[in-house]
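Q: Please take a close look at one chain of this model and describe how its parts meet. I would like a connected account that moves from the contacts between larger units to the packing of helices and then to individual residues.

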Amino acid sequence: MSRPVIEIQDLSHVYMAGTPQAKTSLREVNLTVEEGAVLALIGPTGSGKSTLLQHMNGLYTPQSGSVIVLGRDLADRVTDLRRIRREVGLVFQNPEHQIFERYVGDEVAFGPRTAGLSGGELTRRVRWAMELAGLDFSLFKDRPTFALSGGERRKVGLAGVIALKPRILLLDEPTSGLDPQTHEELLCRMESLRGQGMTMVMATHDMDDVARLADRIVVLDGGRVVFGGTSREVFARREALGAHGLEVPVTVALMQRLRERGWDVPRAALSVEEAEEAVAAALTGSRRRPTG
Amino acid sequence: MRNTEFLRNVTIGQYLPTDSPVHRLHPTTKMLMGGFCVVAAIISGSLGGFVIMVLAVTAALRLARIPLLYAYRGLRPAVPIIVLVAALQILFASQSDGGAVLWSGWIITITAGDFLVAATMAVRLVVLILIISFFTFCTSAKELTHGTEQLLRPLGRIGFPAHELALVLTIALRFLPLLAMEAERLVKAQVSRGADFGKRRMGLFKRVYRMFPLLVPLFLASLRRGEHLVLAMEARCYTGGKGRTRLVRFRFGPADGAAITAVVLLVAAVLAAHFLRLDSVFLPRLEGF
């Protein structure tokens with residue numbers, strides 16, 4: 001459970017190096033992702049989240065520092081990056097914009113087909129990936145891709161990456177711009193992927209998603225890792241997060257408001273159920289301090 | 001596919017706001033300068049003239065505070081074409097007054113003059129690319145529209161759609177870097193889901209087929225962007241150029257006069273080098289003369 005699958009050391013990256021628009025997007029980043037863990041990268045826009053994700057599947061090779069994924073050094077010339085990219089799937093932001101096939105089934109089959117799968121094996125793989133992404137196989141496989149809703153297209157994008165059967169799934173803002181229902185559905189899908197032991201790294205702005213899914217959080221700002229820890233530790237530091245323009249999930253904010261008013265509740269509650277229990281415990285124990 | 005950063009090598013069409021004296025010139029001045037130089041480079045066939053132009057553009061780049069290495073990097077994608085053109089020129093196009101024959105056989109005759117003409121062609125392409133990139137480095141899209149419109153305004157009286165043409169030009173130029181960015185993103189996204197854009201050894205048909213995952217979404221993205229642009233323009237009550245006033249007005253200043261004079265002198269020098277055939281000094285013993 002605790003074998004590191006991604007190890008990043010002193011990674012720095014300059015975008016458009018050697019041009020007047022050169023911009024340092026990562027500065028001496030260190031982090032480790034353990035097998036089966038869900039890591040959330042949070043930080044303001046332009047903090048380097050996407051660039052960091054793209055280093056984890058070899059879209060960028062390290063300019064300085066080292067990235068070791070599944071025991072293989074990405075800076076090493078002999079490392080087969082295509083194999084790394086198959087084992088580490090990256091779902092880009094707005095994956096619905098990369099759809100090019102006419103039918104959903106073909107779209108999802110693109111990855112595994114290129115990898116050499118065919119016939120029954122391919123069909124089984126596509127069915128598996130579509131069901132995992134929340135698309136009913138028999139209902140959707142022959143739907144034209146242009147006739148899908150925004151949320152369905154997003155799921156097709158997700159299924160297209162899952163179909164590669166990656167060992168690690170990287171997600172760049174997986175839930176941005178979705179309606180509440182699709183958002184919820186997609187989160188459930190990701191929870192079930194986590195339940196199956198999938199290692200995930202996601203970059204997101206949605207703190208409620210982070211609270212529900214992530215085991216650990218890394219906060220980025222200006223390309224630097226500012227701090228990190230378990231979700232509970234990070235969300236307990238509301239002030240520090242605020243200094244980087246980040247908020248805490250609603251449930252955490254509630255706990256901290258209550259504490260300010262003198263209620264004896266924990267610093268962070270990561271789910272509505274947890275918050276409910278904490279409030280109930282505080283009320284029944286009537287452990288209110290006499291501050292008022 | 002190890003390097004997915006496309007944009008690093010696409011320097012033509014990039015605007016680099018360094019706020020130099022060159023950037024502050026009137027847009028019409030900049031367009032006239034660019035236009036004169038391009039025309040001179042096309043008319044002239046003089047190696048010496050082109051060398052002067054390369055030096056002049058280099059000096060202008062310094063004046064505009066644009067890193068020289070960055071400007072020259074724009075030449076990199078054109079290198080294969082330049083080499084090919086030069087090679088064809090040397091091998092097949094024979095100069096009648098080509099000077100000493102160096103080698104002859106089959107349908108190929110190589111003369112000293114061939115090398116001169118090939119070098120001239122190559123430097124001419126370099127000059128053209130440099131001029132155009134220099135122009136885009138220090139002219140923003142807004143200035144370009146303004147300049148085009150002003151230059152074409154006289155034609156507007158006879159019903160020529162000057163404003164519309166200027167707009168089309170601006171949008172086309174502005175969309176180029178966006179398209180490159182989009183393509184970069186798409187290549188990354190498709191590679192992340194197992195795409196393979198092929199190796200050089202593959203057949204043409206197969207390679208084109210493999211580009212589908214890039215081309216289809218890129219096309220769709222362009223259409224979508226175009227539609228958004230239309231909506232955005234209509235939402236701002238855009239109705240065309242008629243009766244439109246400007247927030248920023250440009251004025252001609254002494255710098256514009258100086259710049260135009262410099263360019264006219266440069267063009268005169270280049271054309272003189274061409275028509276006076278000053279290049280003949282490069283040829284060792286011309287037989288025709």
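A: The account below follows chain A through its contacts, its helix pairs and two of its residues. The model is predicted, so that local features are given only at pLDDT of at least 70 and side-chain atom pairs only at pLDDT 80 or more, whereas totals for chains, interfaces and linings take in all residues. Residues are numbered from 1 along each chain as its sequence is written, and chains are lettered from A, with ligands numbered from 1, in the order in which they are written.

Chain A divides into domain 1, covering 4–248, and domain 2, covering 249–292, with bounds that come from an automatic or database domain assignment. Taken over C-alpha atoms, the centres of domain 1 of chain A and domain 2 of chain A are separated by 34 Å. Ten residues from domain 1 of chain A and ten residues from domain 2 of chain A take part in their contact, two residues being in contact if their C-beta atoms, placed from the backbone, lie within 7 Å. On the side of domain 1 of chain A that touches domain 2 of chain A, α8 (207–213) and α9 (231–236) of chain A each supply at least two residues; helices (H or I, at least four residues) and strands (E, at least two) are DSSP runs, numbered from the N terminus. That side of domain 1 of chain A comprises five nonpolar, one polar and four charged residues, where Ala, Val, Leu, Ile, Met, Phe, Trp, Tyr, Cys and Pro count as nonpolar, Asp, Glu, Lys and Arg as charged, and the others, Gly among them, as polar.

Within domain 2, which covers 249–292 of chain A, helix α11 (residues 250–260) of chain A packs against helix α12 (residues 272–284) of chain A at an angle of about 15 degrees, their axes being 9 Å apart. Such axes are lines fitted to C-alpha atoms, for helices over the stretch in contact, and the angles run from 0 to 180 degrees between N-to-C directions. α11(A) and α12(A) are therefore roughly parallel to each other, the classes being roughly parallel under 35 degrees, roughly antiparallel over 145, roughly perpendicular from 65 to 115 and oblique for the rest. The crossing of α11(A) and α12(A) is left-handed, a term used when the near helix is turned anticlockwise from the far one by less than a right angle, with right-handed used if clockwise. On the α11(A) side, A:Thr251, A:Leu254 and A:Met255 meet A:Val272, A:Glu274, A:Ala275 and A:Ala278 of α12(A). By class, the residues of this contact of α11(A) with α12(A) are five nonpolar, one polar and one charged.

The next contact is with the neighbouring chain. Chain A places 25 residues in contact with 22 residues of chain B. The elements giving two or more residues to the side of chain A that touches chain B are α2 (81–87), β6 (88–91), α3 (104–114) and α6 (150–162) of chain A. That side of chain A has 13 nonpolar, ten polar and two charged residues.

Two of these elements, α3 and α6 of chain A, also pack against each other, at an angle of about 35 degrees and with their axes 7 Å apart. The crossing of α3(A) and α6(A) is right-handed. From α3(A), A:Val104, A:Glu107, A:Val108, A:Phe110 and A:Gly111 take part, and from α6(A), A:Val156, A:Ala159 and A:Gly160. The contact of α3(A) with α6(A) is made up of five nonpolar, two polar and one charged residues.

Two single residues complete the picture. A:Arg216 lies in strand β9 (residues 216–221) of chain A and counts as partly exposed because it has 19 C-beta neighbours inside 10 Å; a residue is buried with 20 or more other C-beta atoms within 10 Å of its own, exposed with 12 or fewer, and partly exposed in between, the C-beta atoms being placed from the backbone. Apart from neighbours within four places in sequence, A:Arg216 is in contact with A:Ala37, A:Leu39, A:Gly228, A:Gly229, A:Thr230 and A:Ser231. By contrast, A:Gly177, 39 residues from A:Arg216 along the chain, has its C-alpha atom 24 Å from that of A:Arg216.

A:Asp10 belongs to strand β1 (residues 4–15) of chain A and is exposed, since 12 other C-beta atoms lie within 10 Å. Most residues other than glycine have a negative phi. A:Asp10, although not a glycine, has a positive phi of about 50 degrees.
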